[in-house]
Amino acid sequence: MKKIAVVILNYNGASMLRDFLPSVLKYSPEAEVVVADNASTDDSVNVMRSEFPDVRLLLLDKNYGFADGYNHALRQVDAEYYLLLNSDVEVTQAWLAPMLAFMDANADVAACQPKLLSYKQKTLFEYAGAAGGFLDCYGYPFCRGRIFDTVEQDNGQYDNVVDLFWATGAALMIRSADYWSAGGLDGTFFAHMEEIDLCWRLRARGRRIVCIAESVAYHVGGATLSKSNPRKTFLNFRNNLLMLYKNLPATELRSVMFRRALLDYVAAFKFLVSGNIPDFKAVIKARREFTNIKSQYAGKRAENLEKSVCGEIPQRTKFSILWQYYARGKKLYNELPK
């Protein structure tokens with residue numbers, strides 16, 4: 001068994017493989033680097049075979065999406081630690097060593113992430129993960145270094161190791177034993193929110209998640225679906241609701257889901273009055289599909305609650321991040337209630 005495997009899930013990312021795989025190979029000597037191709041229709045497979053012939057290539061038979069694509073790939077990888085890495089990430093010298101050392105020294109930590117900065121503006125945190133994620137009482141994620149559209153400069157203000165609610169799927173290091181004991185990523189999500197859902201299961205089962213700021217990576221972001229893509233809006237809203245349903249304690253389920261319904265329709269109305277009809281339709285479609293398929297997740301919800309050992313997870317805040325951000329003007333993580 002290898003100590004660590006860096007696994008890159010690729011879909012139609014030939015140019016990104018050319019741009020970013022060399023840094024992974026150069027700066028990850030302690031790892032097996034694996035590229036799993038999600039049935040790309042571009043030149044990805046030819047690029048791998050001709051330009052990176054020594055890299056292990058896994059060919060999936062169809063596009064399973066981010067979540068189930070990783071499940072199919074990781075079943076073929078034998079390592080103590082997996083490092084799930086987006087294909088549009090540039091890594092830095094010795095980036096793996098601090099994360100490996102921390103995980104080896106802290107058996108109660110299931111997963112960690114590097115400090116994630118913007119590839120395009122390298123002094124800024126990156127939207128998708130920054131210095132680690134948290135969740136508010138209604139299921140809205142935010143990060144140290146990024147709340148909604150406010151992204152902070154990295155001045156070392158979040159270089160300390162703290163417990164997180166979730167670590168970014170763009171560069172997620174996780175013990176293989178924890179990955180599979182928690183059920184892996186939920187393949188029915190396809191993409192978006194799947195890493196937060198997995199981290200919620202891990203945290204509820206008493207496992208820790210942290211950010212190791214000594215490790216640094218630069219992420220392009222939005223390489224598969226742009227931020228304004230209605231498909232992304234649909235997946236984010238639908239999967240967030242499914243995540244809440246699967247993981248919320250019984251005492252909170254009805255009240256949180258009622259308030260989320262109100263907030264979702266407010267978001268839809270805001271899209272409508274601004275003339276953004278595709279995103280308005282995406283939110284309504286997400287609400288409708290959640291209602292139609294919710295019953296299919298009853299078994300997953302029962303399993304998650306049965307295996308939970310935590311009454312409350314401190315990194316899921318008691319406050320609403322919407323209220324803090326829009327009503328109180330708290331735009332930075334360090335301004336939020338502790």
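Trainee: Let's start with Ala39: is that residue buried, partly exposed or exposed?

Mentor: Partly exposed, since its relative accessible area is 25% and the buried class stops under 20%. Bear in mind that we're reading a predicted model.

Trainee: Where does Ala39 sit, and what is its phi?

Mentor: Ala39 belongs to the loop that links strand 2 (32-37) with helix 2 (44-51). Its phi is near 60 degrees, a positive value in a residue other than glycine. Ala130 is another case, with phi near 45 degrees. That one lies in the loop between strand 6 and strand 7 (133-135).

Trainee: And is Ala130 buried or exposed?

Mentor: Buried, because its relative accessibility is 0%. Ala39, by contrast, is partly exposed.

Trainee: On to the sheet. In what order do the strands come?

Mentor: Read across the sheet rather than along the chain. There are eight strands in an open sheet, ordered 3-2-1-4-11-6-12-5, and the pairing is mixed. At the edges you find strand 3 (56-59) and strand 5, each pairing on one side only. On average, neighbouring strands are turned by 30 degrees against each other, if you ignore direction.

Trainee: Which helix packs on the sheet and touches strand 5?

Mentor: Helix 1 (residues 14-27). Besides strand 5, helix 1 touches strand 1 (2-10), strand 2 and strand 4 (79-85), and its direction makes about 20 degrees with that of strand 5. Then look at helix 6 (residues 194-204), which lies across strand 6, strand 11 (171-175) and strand 12. Helix 6 runs at about 150 degrees to strand 12.

Trainee: How should I picture the side chains along a strand?

Mentor: In a regular strand they alternate between the two faces of the sheet. Strand 12 (residues 208-219) is a good one to step along: it is mostly covered, with 11 of its 12 residues buried.

Trainee: How does strand 12 pair with strand 5 and with strand 6?

Mentor: With strand 5 (residues 89-91) the pairing is antiparallel, through three bridges. With strand 6 (residues 109-118) it is parallel, over nine bridges. His219 ties the two pairings together nicely: it is the bridge partner of Val89 and also of Ser118.

Trainee: Which residues of helix 4 are buried, and what covers them?

Mentor: In helix 4 (residues 96-105), the buried ones are Leu96, Pro98, Met99, Leu100, Phe102 and Met103. Their cover includes strand 1, strand 4, strand 6, strand 11 and strand 12.

Trainee: Now helix pairs. What numbers describe two packed helices?

Mentor: You give the angle between their axes and the distance between the axes. Try helix 8 (residues 250-273) and helix 9 (residues 277-293): the angle is about 155 degrees and the axes are 7 Å apart. So helix 8 is roughly antiparallel to helix 9. The crossing of these two is left-handed.

Trainee: Which residues make that contact?

Mentor: Helix 8 brings Met257, Arg260, Ala261, Asp264, Tyr265, Ala268, Phe271 and Leu272, while helix 9 brings Ile277, Asp279, Phe280, Val283, Ile284, Arg287 and Phe290. Sorted by class, the contact of helix 8 with helix 9 has 11 nonpolar, no polar and four charged residues.

Trainee: Arg287 is in that list of contact residues. Is it buried or exposed?

Mentor: Buried, because its relative accessible area is 10%. Arg287 is in helix 9, and beyond its neighbours within four places in sequence, it is in contact with Leu241, Arg260, Ala261, Asp264 and Tyr265. Take Tyr265: the two residues are 22 apart along the chain, and their C-alpha atoms are separated by 9.0 Å.

Trainee: At what angle do helix 7 and helix 10 pack?

Mentor: About 50 degrees for helix 7 (residues 230-247) and helix 10 (residues 298-307), with axes 7 Å apart. That angle is why the two count as oblique to each other. Leu244, Tyr245, Lys246 and Asn247 of helix 7 meet Ala298, Lys300, Arg301, Asn304 and Leu305 of helix 10. This contact has four nonpolar, two polar and three charged residues.

How values were computed. Residues numbered from 1 in each chain as written. Predicted model: local features only at pLDDT ≥ 70, side-chain atom pairs only at ≥ 80, totals over all residues. Heavy atoms only, no water. Axes fitted to C-alpha atoms, helices over the stretch in contact; angles between N-to-C directions. Helix = DSSP H or I, 4+ residues; strand = E, 2+ residues; numbered from the N terminus. Parallel < 35°, antiparallel > 145°, perpendicular 65-115°, else oblique. Left-handed = near helix turned anticlockwise from the far one by under 90°. Contact = heavy atoms within 4.5 Å. Nonpolar A, V, L, I, M, F, W, Y, C, P; charged D, E, K, R; others polar. Buried < 20%, exposed > 50% of the residue type's maximum accessible area, 1.4 Å probe, protein only. Pairing = 2+ DSSP bridges.
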